Amino acid sequence: MFPTSPRRALVTGGSAGIGKETVKALVAKGYEVIVAARDAAKGEAVLNAIRAEHPGAQLSFHALDMSQPDAVVAFAQQVQARWDRIDALVLNAGLFTPQLRTGVTGHEFMFATTHLGHFALTHQLLPLVEAAPAGRIVVTSSVAHFFAGGFDFGSLREPSSSTFLMVAPFVAYGRSKLANLLFVRELARRLQGSKVLVNSFHPGSVKTEIWRGTPGLFNALISPGLISEREGAQTQVFLATDPSLAQSGQHWFRKKIEQGSPASRNPELAQRLWDYSEQALGIRRFGRPQGGVELVRARRA
Ligand SMILES: NC(=O)c1ccc[n+]([C@@H]2O[C@H](COP(=O)([O-])OP(=O)(O)OC[C@H]3O[C@@H](n4cnc5c(N)ncnc54)[C@H](OP(=O)(O)O)[C@@H]3O)[C@@H](O)[C@H]2O)c1
């Protein structure tokens with residue numbers, strides 16, 4: 001049954017681009033929205049603009065760097081202390097770094113943010129999504145997951161070896177988006193029989209701040225075809241809110257199911273990435289944090 005009472009969503013990366021438009025659409029639909037991103041000044045300004053358009057909107061901003069597991073856990077603790085249910089968990093935060101670098105866990109930064117951070121957040125908050133009458137988890141992936149080809153586990157912790165290759169950041173970005181897709185496939189498999197639906201999508205090529213990191217020539221080539229942030233958010237909003245949705249574990253584009261790359265459909269790879277992520281974050285039983293919230297200890301081998 002889809003709830004008729006006010007619903008609640010949590011949107012990572014809801015302070016700009018596609019996430020910001022999703023927040024606006026959710027507010028317009030009457031959702032209370034919890035927004036998380038790094039830059040507090042930018043986030044508060046965006047939320048104030050939305051409040052001005054929608055007086056009475058229930059919105060809160062939380063400064064969070066998704067690449068830092070301890071910060072993700074601390075944020076999840078705050079969420080759990082304040083709210084008892086999340087109807088839509090929108091895992092949208094992501095970025096492109098023109099130079100490869102590592103985050104605090106020693107993993108390549110885009111992978112750490114986009115995959116490991118969202119893996120940890122979902123682990124911590126799954127009980128709240130399960131508490132909703134029709135919980136949704138939506139992950140913003142990309143057609144760029146094709147850039148990854150297969151999944152090179154060896155370069156997750158040693159991105160500097162390929163820093164000098166111009167294509168290396170694109171491959172790493174693609175791998176972070178492939179990880180999103182594999183996460184969705186495996187999480188949906190594990191949640192079979194539950195009320196929670198989990199899906200990923202490609203928003204299209206959208207005119208957002210993400211392109212500030214890509215080379216000028218690349219930007220010149222793609223810019224004529226870019227769609228608006230609002231258009232880019234449509235499939236995300238659909239997957240998060242549409243009562244007719246029944247599918248789980250699928251990848252979408254323009255509200256239609258897409259196959260994704262062969263690697264994204266490989267169940268053994270999805271399982272391997274899952275095991276890797278649990279180990280990297282020190283998670284014992286995914287979605288069942290000890291004593292409400294488990295303190296994840298990233299292994300810094
Ligand atoms: N634009 C496209 O054409 C396109 C295409 C396919 C997929 N995508 C995906 O769509 C998602 C949204 O991107 P966008 O295009 O809307 O880019 P954007 O305008 O740059 O917005 C990215 C959002 O993510 C947040 N963010 C980035 N790194 C973060 C971190 N480490 N921790 C927490 N929040 C972080 C940003 O805020 P802070 O910087 O303040 O943290 C911002 O709110 C990404 O996952 C991206 O990969 C975009």
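In the predicted model, the loop between β7 (251–253) and β8 (256–258) contains Arg 254. The phi angle of Arg 254 is near 50 degrees, a positive value in a residue other than glycine. Arg 254 is partly exposed, with 13 other C-beta atoms within 10 Å. Lys 255 lies in the loop between β7 and β8 as well, and its phi, near 65 degrees, is likewise positive in a residue that is not glycine. Lys 255 is also partly exposed, and 13 other C-beta atoms are found within 10 Å of it.

Helix α3 comprises 14 residues, from 69 to 82. The distance from its first C-alpha to its last reaches 20 Å, close to the 20 Å expected at 1.5 Å a residue. Buried positions in α3 are Pro 69, Val 72, Val 73, Phe 75, Ala 76 and Val 79. These residues lie on the same side of α3 because they cover an arc of only 165 degrees around the axis. In an α-helix there are 3.6 residues a turn, so residues three or four places apart point the same way. On the other side of α3, Ala 81 and Arg 82 are exposed. The elements covering the buried residues of α3 include three strands, β1 (8–12), β2 (32–37) and β3 (59–63), together with helices α4 and α8 (267–281).

The largest nonpolar core consists of 78 residues. Within this core, the most contacts are made by Ala 9, Val 33, Val 35, Leu 89, Val 90 and Leu 125. Helix α4, spanning residues 109–130, gives the most to the core, supplying twelve residues. For Val 33, when residues up to four places away in sequence are not counted, the contacts are Ala 9, Val 11, Gly 14, Val 23, Leu 26, Val 27 and Leu 59. Ala 9, one of the residues touched by Val 33, is itself among those with the most contacts inside the core.

The ligand is surrounded by 30 residues, of which Gly 13, Gly 17, Arg 38, Asp 39 and Gly 94 come nearest. By residue class, this shell divides into ten nonpolar, 15 polar and five charged residues. Helices α1 (17–28) and α4 each supply at least two residues of the shell. The most is given by α1, with three residues. Helix α4 thus appears in several settings: α4 gives the most to the largest nonpolar core, helps to cover the buried residues of α3, and supplies at least two residues of the shell around the ligand.

Notes:
Residues numbered from 1 in each chain as written. Predicted model: local features only at pLDDT ≥ 70, side-chain atom pairs only at ≥ 80, totals over all residues. Core = buried A, V, L, I, M, F, W, Y, C linked by C-beta atoms within 7 Å. Buried ≥ 20, exposed ≤ 12 C-beta atoms within 10 Å, placed from the backbone. Helix = DSSP H or I, 4+ residues; strand = E, 2+ residues; numbered from the N terminus. Contact = placed C-beta atoms within 7 Å. Near = placed C-beta within 6 Å. Nonpolar A, V, L, I, M, F, W, Y, C, P; charged D, E, K, R; others polar. Expected span 1.5 Å × (residues − 1). Arc of directions from axis to C-beta.
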